[in-house]
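I opened a new page for this structure. My notes follow in the order I looked things up.

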Amino acid sequence: MALKLYGAPMSTCTSRVMACLHEKAVDFELIPVDLFTCEHKQPPFLSKNPFGQIPVLEDGDLTLFESRAITGYVAEKFKETGCDLIRQQDLKESALVKVWIEVESQRFHPAIAPIVYEYFVAPIQGKSPDQTIIDANLEKLGKVLDVYEAKLSSSKYLAGDFYSLADLHHLPYTYYFMKTPCASVMDERPHVKAWWEDISSRPAFKKVAEGMNFGDK
Ligand SMILES: N[C@@H](CCC(=O)N[C@@H](CS)C(=O)NCC(=O)O)C(=O)O
């Protein structure tokens with residue numbers, strides 16, 4: 001039975017999971033959840049994720065939410081197919097993947113998400129992007145990217161010379177960020193730029209990016 005993914009292709013967190021499913025060549029059914037009509041805050045969806053957020057993955061009688069936990073499950077369940085995203089066979093490599101998964105979630109995401117929000121969500125709410133919020137978070141993001149630049153000057157990807165979930169988790173927010181006037185923050189760091197060009201051109205993500213049209217006119 002195909003996995004069921006509840007979400008929306010334009011949503012960053014749904015895209016994170018879809019990128020992982022495509023890397024693993026796993027068959028899945030995308031069940032659209034309409035955020036604009038607040039379908040995710042209605043009882044049927046709340047019974048799947050009590051926090052009322054997409055995405056949700058159903059695999060038979062197992063229901064999961066939190067995109068990074070879902071990708072971890074998919075990468076482990078389908079470890080024999082597609083790209084090895086968790087390096088389970090090597091204790092040190094898998095530990096490094098976990099380290100950089102945490103870095104994305106605890107350091108990169110908190111800096112990049114408010115910037116993406118200001119450029120893409122605020123206008124939908126009839127507000128102009130708040131430059132104070134953008135500037136404060138750009139400074140935070142720049143410091144994180146300085147660490148990435150140093151790391152990526154000694155290995156091709158974040159956890160080593162192999163693509164992993166740690167890199168994949170960066171795709172959705174960075175994709176939208178690169179459409180903002182702040183993209184130079186990535187481009188001016190040569191190793192970060194090369195890494196971004198590499199990971200965003202993977203066929204699995206290119207398929208996902210086709211549906212990431214949030215904010216397009
Ligand atoms: N930490 C969660 C965040 C999920 C999340 O923020 N989902 C957004 C879409 S990308 C959402 O459902 N937003 C609507 C809302 O929060 O009401 C994850 O990684 O899955």
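**Helix α3 and its neighbours**

I started with the buried residues of α3, and they pack against α1, β3, β4 and α6 (165-168). This is a predicted model, so I read everything below as computed. I listed the buried positions of α3: Ser67, Ile70, Thr71, Gly72, Val74 and Ala75. I noted the helix rule beside them: an α-helix has 3.6 residues a turn, so residues three or four places apart point the same way.

**The sheet**

Next I traced the strands. What is the strand order of the open sheet? I read it as β2-β1-β3-β4, 4 strands with mixed pairing. β2 (28-32) and β4 are the edge strands; each has a single partner, so one side of each has no neighbour in the sheet. I also looked up the twist: neighbouring strands are turned by 20° against each other on average, direction ignored.

Then I went pair by pair. Strand β1 (residues 3-7) runs parallel to β2, with 5 bridges. There I found Tyr6 bridged to Ile31 of β2. Strand β3 (residues 56-59) and strand β4 (residues 62-65) are antiparallel, with 4 bridges. Here Leu57 has Leu64 of β4 as its bridge partner. The β3 and β4 hairpin leaves 2 residues between the strands, and Gly60 in it has a positive phi near 60°.

**Around the ligand**

Which residues surround the ligand? I wrote down Ser11, Thr12, Cys13, Leu35, His40, Gly52, Gln53, Ile54, Glu66, Ser67 and Arg68. Two elements, α1 (12-23) and α3 (67-77), give two or more residues to this shell. By class I got 3 nonpolar, 6 polar and 2 charged residues. Ser67 turns up twice in my notes: it belongs to the ligand shell, and it is buried in α3.

Ile54 of the shell also takes part in a cis peptide bond, to Pro55, with omega about 5°. I placed Pro55 in the loop between α2 (43-46) and β3.

**Backbone oddities**

I kept the background in mind: most residues other than glycine have a negative phi, and most peptide bonds are trans. I then checked two non-glycine residues with positive phi. Cys38 has a phi of about 60° and sits in the loop between β2 and α2. Arg87 has a phi of about 50° and sits in the loop between α3 and α4 (91-121).

Are these two buried or exposed? I counted C-beta neighbours inside 10 Å. Cys38 has 11, so it counts as exposed, the limit being 12 or fewer. Arg87 has 22, so it counts as buried, the limit being 20 or more.

**Helices α5 and α9**

Last, I looked at a helix pair. The axes of helix α5 (residues 131-152) and helix α9 (residues 190-200) come within 7 Å and cross at roughly 80°. That angle makes α5 roughly perpendicular to α9. From α5 the contact takes Leu145, Tyr148, Glu149 and Leu152, and from α9 it takes His191, Val192 and Trp195. I sorted these contact residues into 5 nonpolar, 1 polar and 1 charged.

I also picked Gly142, which lies in helix α5. It has 15 other C-beta atoms within 10 Å, so Gly142 is partly exposed. Its C-alpha atom is separated by 31 Å from that of Gly7, 135 residues away along the chain.

Conventions. Residues numbered from 1 in each chain as written. Predicted model: local features only at pLDDT ≥ 70, side-chain atom pairs only at ≥ 80, totals over all residues. Pairing = 2+ DSSP bridges. Near = placed C-beta within 6 Å. Nonpolar A, V, L, I, M, F, W, Y, C, P; charged D, E, K, R; others polar. Axes fitted to C-alpha atoms, helices over the stretch in contact; angles between N-to-C directions. Parallel < 35°, antiparallel > 145°, perpendicular 65-115°, else oblique. Contact = placed C-beta atoms within 7 Å.
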